[in-house]
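Let's take a walk through this structure together, starting where the chains meet and ending at a couple of backbone oddities. Have the viewer open and follow along.

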Amino acid sequence: MNKNIERLYNGLWKENPTFVLMLGMCPTLAVTTSAINGIGMGLSTTVVLVLSNMMISALRNIIPDRVRMPAFIVVVASFVTIVQFLMQGFTPSLYASLGIYIPLIVVNCIILGRAESYASKNPVIPSMFDGIGMGLGFTVGLTLIGVVREILGNGSAFGVNIPALNDYHITLFGLAPGAFIVLGFLVAIMNVVRRKMEAAGKPLPAVQGCLSGDCSSCGLSSSCTGKSLVHNTPEEIPVDPKDVAKPQPETKIEVKHTANAKNTEDVEKSGSDSSYADDDIVGKEEDK
Amino acid sequence: MSDLLKVSSSPHVRAKDDTSRIMLYVILALMPTTVFGIFNFGYRALLLVLVCIFTCVISEWLFEKAVGKKSTIGDLSAAVTGLLLALNLPFTLPVWQAVLGSIFAIVVVKMLFGGLGQNFMNPALGGRAFLVISFAATMTHFEYDGVAGATPLALLKSGEAVNTLDMLIGRTGGTIGETSAICILIGAIILILLGVIDLIIPGVYIVSFAIFVCVFGGHGFDTSYLVAHLCGGGLMLGAFFMATDYVTSPITPAGKVIFGICLGVLTGIFRIFGNSAEGVSFAIIFSNLLVPLIEKVTVPRAFGVVRERKPKEVKADE
């Protein structure tokens, strides 16, 4: 059970998908014009994430390695369709304001990333908690961005008008540039807090994830989860991705949680033979 | 005696120009425009100028204090940013919006990217763009002589006649610093005589814009229409004071020409085919973003180097 709580902590804070892993940037930037939109998007993603993690974890010994991506997509797409119809039926206004971003949950980095790096290698119950933790972390991230943008851009919070701000709307924060600016400032604040915690003697383990933030290429290729690009020490500035991709010895010492360490190794194993092209070449050579 | 025998590595001859001196020249050259703007629009213009300069300098100082860097407000670049931003605002703008714009210009556009020399776009124009997008109503509300009205450019766009003599002198509505073409030209001549800017970027900008207006403006070579376009809006102010910003303009000779053409064509497209009557600030910001690419493809050949397999060499440098 302790492991499950660790998964929740991991998703909410240590590897928060929005502020640390920088996954799922398209919905993060596009739908967070208000706090309600952020919560709606976050919770619907959470539901899909939990269900798909459980399903994929249950099927992990049946799905052949070579077709795991299409299999994951089919599982995720089924749940997204269910969630989409439920939202259309019961929350039509939220459905209308989220628009295309609900079906796009299918290719959300976070969902495919967790399926690939955690659910396909771990039992059902920890996978479920991993999904809950990551989903809630995503929800918290989106809601925070949404609240800040709504207060600054629209003078309201959670749809409630703030009378003091009636004459002080800054329209920019309701638009795309405002999303980038708010996200940047929140990540900076988060990094300051993490650094302070580290200085106070609570070193945080190294972080995995991709830095590209490009959902379309990220979600469809398996390369998303195979790299460990972010390392949370202030002295190290990643210059060359190739250098940083290699896990450094001190990184491994810092990793406290056994589940996470196992995770790292598994990810690297899968990263080495993940490409379909490589598999084909290997197969041909074996045939000869 | 000791000076003569001093042993040091090169350079041995140093120019007097440093950042603060050049910035001082720019402030000096902006003085005719500023004084005319204050005279033209009254005390509120003076208030906005002072507020913008004060906010820019203070926010740069506070930011550097907060992140533990050495203070750079002595180089006067923050003061120039504040002055330029104020000259780009209508004098009726509420003070709190001017303060927000100044903070945005310094903190987000300049300091977060590393301070002077690292900013990828002109901070004053970044601040202006922030204000135009955020407060469209107050940023496009122009008054002159107590009467709210359209700027000459807006009149021109809707097909009405404008008084080009008034536009030359500056007796029209508009932002604080953009109305008087003559005052801006006086400032520009000061800058050119002092050697702070050269004529390539503003010259190519204005000429290419004039050609664009002649070809696509729908009036052919109509002198009064052309003069109205050249003197109206922020074209003069932008061409001489903001497009020539050292940090955000190319340093290669061919790059300067390409940069100027970019500016002229973009301004023409925004003014003639766009929704808004004015487009200088966005044209300059957009061209600022292209500067690294322009510089990359226009690296001059070093003396004595024979050009061979040129496409590969450029890529190998990256």
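**Where the chains meet**

The contact takes four residues from chain B and five residues from chain A. On the chain B side, helix H5 (residues 123–134) makes the largest share, with three residues. Sort that side of chain B by class and you get three nonpolar residues, one polar and no charged ones. Keep in mind as you look around that this is a predicted model.

Now turn to chain A. Its secondary structure comes to 13 helices and two strands. Of the 288 residues in chain A, 38% are buried. Look at the contacts in chain A between residues at least 6 apart in sequence: 74% of them join residues at least 24 apart.

Next, the nonpolar core. The largest one has 132 residues, and the members that touch the most others are B:Val26, B:Leu48, B:Leu83, B:Ala86 and B:Phe240. The element that gives the most to this core is helix H7 (residues 124–154) of chain A, with 13 residues. To get a feel for one spot, click on B:Ala86: setting aside neighbours within four places in sequence, B:Ala86 is in contact with B:Leu48, B:Val49, B:Cys52 and B:Ile176.

Still in chain B, find B:Thr151. An unreviewed UniProt entry lists this residue for "modified residue: FMN phosphoryl threonine". You'll find B:Thr151 in the loop between strand S2 (147–148) and helix H7 (152–157) of chain B. Is B:Thr151 buried or exposed? The cut-off for buried is 20 or more other C-beta atoms within 10 Å, and B:Thr151 has 24, so this loop residue is buried. Apart from its neighbours within four places in sequence, B:Thr151 is in contact with B:Phe142, B:Thr172, B:Gly173, B:Gly174, B:Gly233 and B:Ala277.

Finally, the backbone oddities. B:Leu76 has a positive phi of about 70° although it is not a glycine. B:Leu76 is in the loop between helix H2 (43–66) and helix H3 (77–87) of chain B, and it counts as buried because it has 20 C-beta neighbours inside 10 Å.

Over in chain A, A:Phe158 also isn't a glycine, yet it has a positive phi of about 50°. This one is found in the loop between strand S1 (156–157) and strand S2 (160–161) of chain A. With 14 other C-beta atoms within 10 Å, A:Phe158 is partly exposed.

Key: Residues are numbered from 1 along each chain as its sequence is written. Chains are lettered from A and ligands numbered from 1 in the order in which they are written. This is a predicted model: local features need pLDDT of at least 70, side-chain atom pairs count only at pLDDT 80 or more; totals for chains, interfaces and linings use all residues. UniProt positions are given in the numbering used here, feature names are shortened, and annotations may be inferred rather than shown by experiment. Helices (H or I, at least four residues) and strands (E, at least two) are DSSP runs, numbered from the N terminus. A residue is buried if 20 or more other C-beta atoms lie within 10 Å of its own, exposed if 12 or fewer, and partly exposed in between; C-beta atoms are placed from the backbone. Two residues are in contact if their C-beta atoms, placed from the backbone, lie within 7 Å. A nonpolar core is a set of buried Ala, Val, Leu, Ile, Met, Phe, Trp, Tyr and Cys residues joined through C-beta atoms within 7 Å. Ala, Val, Leu, Ile, Met, Phe, Trp, Tyr, Cys and Pro count as nonpolar, Asp, Glu, Lys and Arg as charged, and the others, Gly among them, as polar.
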